[in-house]
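Work through the following exercises with the sequence and the model at hand, and attempt each task before reading its solution.

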Amino acid sequence: MAIRFGINPIGWSNDDLPELGGDIPLETCLAETRQAGYSGIEKGGKFPNEANALRLVLARHGLQLVSGWFSGELRSRSIEDEKKRIDEHMRLLMAAGAEVLVYAETTGTVQADLDTPVADRPRMPEAEFPAYAAKLTAFAEWMKAEGIAMTFHHHMGTVIETEREVDLLMEHSGEAVGLLLDTGHLTFAGGNVAATTRRWGKRINHVHCKNIRPLVLAEVHRNRWSFLKGVLEGVFTVPGDPEGCIDFRSFARVLKEVGYSGWAVVEAEQDPEKANPLKYATMGITELRAAFGEAGFEIRG
């Protein structure tokens with residue numbers, strides 16, 4: 001089993017909070033990504049949206065495109081409408097070499113609303129899951145036939161947030177719906193990372209390695225903060241941060257146990273003024289190299 005290490009540019013520039021890193025050039029992000037030792041990066045808002053330009057800027061820094069986020073609205077739209085919405089983005093990712101597309105259900109989401117408590121997110125009734133999952137499966141099968149795999153992102157502020165909601169989605173959907181296991185979001189939602197990884201290991205086709213500062217998380221709950229308020233206050237950090245609470249050595253062992261092979265992506269929304277991006281990117285990959293090496297993975301790139 002082989003693992004490759006990538007990073008999300010959100011530590012340099014946050015697309016949902018432009019004031020965080022809005023002045024940091026893309027070239028700085030890419031150069032520091034490579035300097036820290038990563039071989040891949042996920043797409044962000046500052047990246048070119050034309051295939052040749054995207055390939056060239058990544059090649060200049062010796063990086064591969066890992067994936068890219070899409071704000072899905074399949075719960076409120078038809079499959080045909082969703083195909084039209086995603087098509088250009090999907091073709092761009094494929095042309096630049098990405099093998100997975102990060103899909104999250106964002107109908108009614110509060111993740112980008114600074115004033116709405118994350119606790120007031122929308123909920124999907126359990127009775128709705130079978131129909132939604134069947135629709136999602138058909139859409140994911142279409143994506144697979146076009147040449148790219150869906151990796152579904154459970155995300156704070158959305159209708160798929162908790163361990164129970166992940167279970168319901170996986171139980172009712174088909175194999176074409178891959179699971180993006182995000183350690184930070186699942187921990188934030190009170191879920192058990194190891195148990196969820198073991199339960200759905202064969203469906204996990206992408207991994208986000210995000211750490212949680214438990215003292216800040218307690219404040220999120222106590223004060224009914226929004227998701228973005230939590231981000232601003234530092235609820236997320238990278239693997240290896242002593243202020244974090246997630247055991248990535250244990251997580252890597254569980255991924256080995258379930259046979260995971262692919263990318264492990266460091267993704268931690270932080271204020272670059274408080275958390276120097278290069279410093280934290282280096283901290284993250286250092287911990288992941290140790291964790292995955294200890295677990296017996298072949299490390300590539």
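**Exercise 1: Aromatic rings**

Phe70, Tyr103, Phe139, Trp142 and Phe152 are joined into a cluster by ring pairs, where rings of Phe, Tyr and Trp (its six-membered ring) pair if their centres lie within 6.5 Å, planes under 30 degrees apart counting as stacked, over 60 as edge-to-face and the rest as tilted. The model is predicted, so that local features need pLDDT of at least 70 and side-chain atom pairs count only at pLDDT 80 or more, while totals for chains, interfaces and linings use all residues. Residues are numbered from 1 along each chain as its sequence is written, and side-chain values use heavy atoms, with hydrogens and water left out.

Task: state how many aromatic pairs the rule gives, and classify the pair formed by Phe248 and Phe251.

Solution. Applied to the model, the rule gives 10 aromatic pairs. One of them is formed by Phe248 and Phe251, whose centres are 6.4 Å apart and whose planes make an angle of 85°, so the pair is edge-to-face. Next, consider the sequence positions: the two residues are 3 residues apart in helix α10 (residues 248–258), which means that about one helical turn separates Phe248 from Phe251. Helices here are DSSP runs (H or I, at least four residues), as are strands (E, at least two), both numbered from the N terminus. In general, an α-helix has 3.6 residues a turn, so residues three or four places apart point the same way. Finally, both Phe248 and Phe251 are buried, where buried means under 20% relative accessible area, exposed over 50% and partly exposed in between (1.4 Å probe, protein chains only).

**Exercise 2: Helix α4**

Task: compare the expected span of helix α4 with the distance between its end C-alpha atoms, and find what its buried residues pack against.

Solution. The expected span is 1.5 Å times one less than the number of residues. For the 18 residues of α4 (residues 129–146) this gives 26 Å, and the end C-alpha atoms are 25 Å apart, which agrees. The next step is burial: the buried residues of α4 are Phe129, Tyr132, Ala133, Leu136, Thr137, Phe139, Ala140, Trp142 and Met143. Two of these names, Phe139 and Trp142, also belong to the ring cluster of the first exercise. The buried residues pack against α3 (79–95), β5 (100–105), β6 (149–153), α5 (163–172) and β7 (177–182), contact being defined as heavy atoms within 4.5 Å. After the helix comes Gly147, with a positive phi near 120°.

**Exercise 3: Helix α1 and its surroundings**

Task: describe how α1 packs with α2, and place Arg34 in this setting.

Solution. Begin with the axes, which are lines fitted to C-alpha atoms, for helices over the stretch in contact, with angles running from 0 to 180 degrees between N-to-C directions. Helix α1 (residues 26–36) and helix α2 (residues 51–60) have axes 9 Å apart and meet at about 45°. This makes α1 oblique to α2, since angles under 35 degrees count as roughly parallel, over 145 as roughly antiparallel, 65 to 115 as roughly perpendicular and the rest as oblique. Leu26, Glu27 and Leu30 of α1 make the contact with Val57, Leu58 and Arg60 of α2.

The buried residues of α1 are Leu26, Cys29, Leu30, Glu32, Thr33 and Ala36, and their cover includes β1 (2–7), β2 (40–41), α2 and α11 (277–294). Arg34, also in α1, is partly exposed because its relative accessibility is 39%. Not counting residues up to four places away in sequence, Arg34 touches Ser39, His61, Gly62 and Leu63. Just after α1, Gly37 has a positive phi of about 115°.

**Exercise 4: Two loop residues**

Task: locate Glu161 and Arg224, and decide whether each is buried, partly exposed or exposed.

Solution. Glu161 lies in the loop between β6 and α5 and counts as buried because its relative accessibility is 8%. Leaving aside neighbours within four places in sequence, Glu161 contacts Val118, Arg121, His154, His155, Met156 and Ala189. Arg224 is located in the loop between α8 (214–223) and α9 (227–233), and with a relative accessible area of 44% Arg224 is partly exposed. As a last step, check the backbone: Arg224 has a positive phi of about 55°, although it is not a glycine.
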